[in-house]
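Here are some exercises to work through with the model open beside you. Try each task before reading its solution.

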Amino acid sequence: MKKRFLLQTLALAALAASTSGVMAQEKFKIGLVLPMTGQQATTGRQIEAAARLYMAQHGDTVAGKKIELIVKDDTSLPDQTRRLAQELIVNDKVNVLAGMGITPSAMAVAPLATQSKTPLVVMAAATSSITEASPYIVRTSFTLPQASVALADWAPKNGIKKVVTLVSDYGPGIDAEKFFKERLTFNGGQVIEQLRVPLRNPDFAPFLQKVRDAKPDALFVFVPSGAGAAVMKQFLERGMDKAGIKLIGTGDVTDDDQLNDMGDGALGVVTSHHYSAAHPSALNKKFVESFSAANKGLRPNFMAVGGYDGMRVIYEALRATKGQGGGEALLGAMKGQIFESPRGKMFIDAQTRDVVQDIYLRKVEKKDGQLFNVEFDVIKDVKDPGKVKFLLFVCFFLSLGEGGGGGQPCQRPQP
Ligand code: DHB
C-alpha cells in the first residue's frame with residue numbers, strides 16, 4: 001500500500017515536472033521595450049496597444065507556442081533600454097526583442113542582439129543607419145531619408161524654392177536635414193538656413209524667430225512623434241503662416257496621435273510619410289476601427305502601424321519555422337516577408353533587413369469634422385535612400401583597394 005502510494009506520488013511528480021517543462025518550452029517570449037512614460041510616452045502607448053490588438057485578432061498561440069508579451073518601460077533613456085534588454089535576454093530568455101522608441105535606444109541594444117543572436121524588431125526608431133548596427137535588426141517603421149526625399153521632390157514643383165530646415169538634433173533629424181537638402185538642391189531649390197533643436201525639452205520659440213527673419217517660402221520640420229503639436233502651436237502663434245511661410249515636413253509633425261487637437265491652423269499642411277489613419281484601404285479601415293474601439297477612441301498613428309506590422313513579422317517567422325527555430329532561423333524567416341499592412345504594401349528587404357514601402361504625400365484636411373492627413377500622391381516601393389548611398393560608398397572604397405571590381409555586391413549585373 002505504502003509502496004503503491006510512493007510510486008503514484010513519484011509518477012505524479014514526474015508528470016508535473018514534464019508538463020511544466022513542456023509548458024516552459026512552449027512559451028515564445030517577446031520582450032517589448034518602449035518609452036511608456038516621459039517625453040516619448042505616446043510612442044509606447046501606441047505600439048503596446050497595436051501589439052495587443054494584433055494578438056487579440058490573431059490569437060496568442062502560434063505553431064504550438066504560447067506567445068508572451070513582456071512590456072518594459074525604458075522612459076526613452078538608452079541606458080535603461082540597454083539594461084532592460086539585457087535582463088530580458090539573460091533572465092527572461094526572450095526569443096525576440098522589439099520596440100525601440102527612439103534611435104539612441106535601438107543603437108544601445110544593437111550589440112546585445114548581435115552577441116546573443118536575438119532578433120531585434122525595430123518598430124519606431126527611424127535613423128537610416130540603425131539596421132547596420134546589428135545583423136539581427138529588422139525594421140518595420142520607416143526611415144527619415146525615405147520620407148524626406150519625397151517631399152524634396154514635391155516642394156519645388158509647388159512653388160517652394162527657398163527653405164529653412166528645423167530638425168531635432170539627433171540621428172533621425174540629421175538624416176532628414178541631409179536628405180531633404182541634397183534632394184531639394186538637386187531639384188533646383190535651396191536650403192537657406194539649417195536649424196537644430198535639442199531632443200530633450202525643446203523650446204521652438206527662438207528658432208522660429210530666426211525662421212521668420214530668414215523669410216523662406218517654407219519651413220521644413222522633423223521632430224519626433226509627440227512634439228509636433230508644440231511646433232504647430234508656436235508656428236501659428238507667431239503668425240508665420242500669415243507671413244507667407246508654409247509649414248512642410250515629414251509626417252511626424254502632423255502625427256495622427258495629436259493632429260485632431262491641433263486646430264484648423266493645421267489645415268493645408270503638406271507632409272510625406274508611410275502611414276496615415278486616413279489611408280483608404282479596407283484593411284486600414286478595419287485596423288483604425290478596431291484600434292480605436294479597443295483604446296477608448298484613440299486614433300492609431302504611424303508608431304502603432306510599426307508595432308502592428310512588427311508583430312506580424314514575428315508571428316509569421318514563428319509559423320514559418322514551425323516553432324522550432326532559434327534566433328538565426330527566426331531572423332531568416334523575417335527577411336523577405338511581403339504583405340499588405342494598414343499602410344499599404346510592405347516588404348522586408350532580405351539584404352538590408354529594412355522596410356521597403358510606399359511613401360505618400362498628404363495634406364491636412366477636414367473630414368466629418370476631424371483633421372486627417374489625406375493622401376494625394378504616392379511614390380511606390382521606396383527603398384531607404386540612406387542604404388543606397390551607403391552601398392555605393394562601400395563599393396567605392398572596395399574598388400580603390402582592389403583596382404576596380406569591389407566584390408560581388410558592387411558588380412554591375414552582366415548584360
Ligand atoms: C525617431 C523617433 C520618433 O518619434 C520619430 O517620429 C521618428 C524617429 C527616432 O528616434 O528614430
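Two strands count as paired if DSSP finds at least two bridges between them, and strands (E, at least two residues) are DSSP runs numbered from the N terminus. This is a predicted model, where local features need pLDDT of at least 70, side-chain atom pairs count only at pLDDT 80 or more, and totals for chains, interfaces and linings use all residues. Residues are numbered from 1 along each chain as its sequence is written, and side-chain values use heavy atoms, with hydrogens and water left out.

**Exercise 1. Follow E14 through its pairings.**

Find the strands that pair with E14, and name a bridge partner in each case.

Step 1. Start with E11 (residues 270-273): four bridges join this strand to E14 (residues 355-367), and the two run antiparallel. Here Thr271 has Arg362 in E14 as its bridge partner.

Step 2. Go on to E13 (residues 344-348), which is joined to E14 by three bridges, again antiparallel. Look for Ile348, which stands opposite Val355 in E14. E13 and E14 make a hairpin with six residues between them, and Arg353 in that turn has a positive phi of about 60°.

Step 3. Finish with E15 (residues 370-382), which pairs with E14 in the antiparallel sense over ten bridges. Glu365 finds its bridge partner, Phe372, in E15. This hairpin of E14 and E15 has two residues between the strands, and Asp368 in the turn shows a positive phi of about 50°.

**Exercise 2. Order a sheet.**

Which strands stand at the edges of the open sheet, and why is one side of each left without a neighbour?

Step 1. Write down the order of the six strands, E2-E3-E1-E4-E5-E6; the pairing is mixed.

Step 2. Strand E2 (61-62) and strand E6 (137-139) are at the edges; each has a single partner strand, so one side of each lacks a neighbour in the sheet.

Step 3. Check one pair: E2 and E3 (residues 65-73) are antiparallel, with two bridges. Thr61 has Lys66 in E3 as its bridge partner.

**Exercise 3. Examine the ligand's polar contacts.**

Find polar partners for oxygen atoms of the ligand, using pairs of N or O atoms within 3.5 Å.

Step 1. For Thr103, a polar side-chain atom lies 2.5 Å from an oxygen atom of the ligand.

Step 2. For Ala126, the polar atom belongs to the backbone, and a ligand oxygen atom is 2.8 Å from it.

Step 3. For Tyr170, take a polar side-chain atom, 2.7 Å from an oxygen atom of the ligand.

Conventions. Polar contact = N/O pair within 3.5 Å; in protein donor to acceptor, adjacent residues only side chain to side chain.
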